[in-house]
Protein chains: 2
Amino acid sequence: MASMPRAVDRLIDALSRLPGIGPKTASRLTYHLLRAGEEEAAVLAEAVAALHRQTIMCSRCCNISETDPCAICTDDRRDHQTICVVEEPLDVVAIENTGNFHGLYHVLHGHISPMERIGPDELRIEPLLARVREDGIREIILATNPTLEGDATAIYISRLAQPYGVSVTRLALGLPRGGDLEYADRMTLSEALAGRRLI
Amino acid sequence: MASMPRAVDRLIDALSRLPGIGPKTASRLTYHLLRAGEEEAAVLAEAVAALHRQTIMCSRCCNISETDPCAICTDDRRDHQTICVVEEPLDVVAIENTGNFHGLYHVLHGHISPMERIGPDELRIEPLLARVREDGIREIILATNPTLEGDATAIYISRLAQPYGVSVTRLALGLPRGGDLEYADRMTLSEALAGRRLI
């Protein structure tokens with residue numbers, strides 16, 4: 001950008017590389033940090049720098065963690081025979097926040113997507129199967145996203161897991177709670193119809 | 001957030017403090033940085049850390065700069081008798097990008113806003129008046145935003161500047177180029193009508 005110090009340009013550049021942040025937003029954020037003062041910028045810089053330094057991947061569930069194995073994998077009060085399989089670490093947070101799942105997790109770190117050239121080998125599927133084989137798992141809940149890629153990933157894993165006699169389930173599809181039938185898309189409404197239950 | 005390493009929480013926190021970034025976006029950005037790898041995070045951390053270290057404020061025009069006075073204030077090819085007054089450093093970039101202004105700038109660092117408790121003393125108005133008094137300025141172009149606050153700021157400055165015999169102008173209001181009359185708001189259309197010109 002003309003007439004801007006290089007340090008400003010460089011931060012705008014770095015922020016623009018983040019997903020969903022265009023050059024305009026990056027400029028506004030940069031300018032905010034300039035105005036907010038040195039301390040807020042220092043806190044952010046340190047937080048970014050510490051991110052990789054202070055996190056590792058749990059060698060069992062592949063979630064990001066401070067310890068290996070992670071706090072969930074080593075929690076004796078949890079059900080160690082059920083594994084909930086998710087695409088991303090943030091999905092673990094979402095499910096933990098329901099307060100209704102007490103088993104273990106397995107984080108795939110993505111989904112199968114021929115379009116993005118992500119094959120099964122890019123995901124943490126092999127360590128999942130090892131757990132199914134070795135850890136006496138009775139159920140795996142496939143909680144990949146309800147998308148084409150999430151479905152494909154779930155189907156792929158279910159085929160590999162079934163020979164081990166483990167029960168393989170998938171999260172229910174239907175209308176979101178609090179949603180409005182009138183605004184539900186055709187696919188969601190079809191799934192809700194197909195999955196209707198006796199009351 | 002439950003079940004997340006503290007380093008992740010801390011970065012989500014720090015990012016959430018930025019304007020327009022909510023906790024969900026902050027989570028997504030944090031997770032992106034985790035996935036993108038250590039190098040991208042290091043580049044961003046260093047860019048944030050360098051921001052204040054490598055920028056100063058030009059003591060003449062109050063724009064952010066690497067040098068004092070800044071490159072614009074010391075550029076002999078520019079018209080040193082005309083000052084364009086803007087609210088923020090990013091406004092300087094916007095006007096420079098037109099390629100149609102060759103004078104100097106003055107950055108107020110905000111606007112007068114009783115609602116936000118920002119009075120004239122919080123802005124760099126006094127140094128502007130000093131320049132008008134001492135530097136043989138012939139015109140100041142008030143390029144504050146076309147908002148209530150920007151207008152109030154412009155009127156305030158014009159009153160203080162007029163005694164010095166300087167010509168005080170304000171950017172034209174009207175329809176934005178490429179806009180659609182049908183979608184113009186009432187205020188804009190009224191301004192366009194009031195400011196109509198012979199062709």
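**A sheet in chain B and its contact with chain A**

Student: In this predicted model, what is the strand order of the open four-stranded sheet in chain B?

Tutor: The four strands pair in the parallel sense. At the edges sit strand E4 (104–107) and strand E6 (167–170) of chain B, each pairing on one side only. Reading across from one edge, the order is E4-E3-E5-E6.

Student: And which residue is the bridge partner of B:Ile140 in E6(B)?

Tutor: Let's look at strand E5 (residues 139–142) of chain B, which pairs with E6(B) over four bridges. One of the residues to check there is B:Ile140, and its partner in E6(B) is B:Val168.

Student: Which helix of chain B packs on the sheet?

Tutor: Look for one that touches strand E3 (82–86), E4 and E5 of chain B. Its direction makes about 150° with that of E4(B). That's helix H5 (residues 125–134).

Student: Moving on to the two chains, how much area do chain A and chain B bury between them?

Tutor: On the contact count, 54 residues of chain A meet 54 residues of chain B. Of the buried area, 74% is on carbon and sulfur atoms. The total is about 4,900 Å².

Student: Which residue of chain A meets B:Arg6 in a salt bridge?

Tutor: There are four salt bridges between chain A and chain B. In the one with B:Arg6, the side chains come to 3.1 Å, N to O, and the partner is A:Glu66.

Student: Which element gives the largest share of the side of chain A that touches chain B?

Tutor: Elements giving two or more residues include helix H1 (6–16), helix H2 (23–36) and helix H3 (38–53) of chain A. The largest share, 12 residues, comes from H3(A).

Terms used
Residues numbered from 1 in each chain as written. Chains lettered and ligands numbered in written order. Predicted model: local features only at pLDDT ≥ 70, side-chain atom pairs only at ≥ 80, totals over all residues. Heavy atoms only, no water. Pairing = 2+ DSSP bridges. Contact = heavy atoms within 4.5 Å. Axes fitted to C-alpha atoms, helices over the stretch in contact; angles between N-to-C directions. Buried area = accessible area lost by both parts, 1.4 Å probe.
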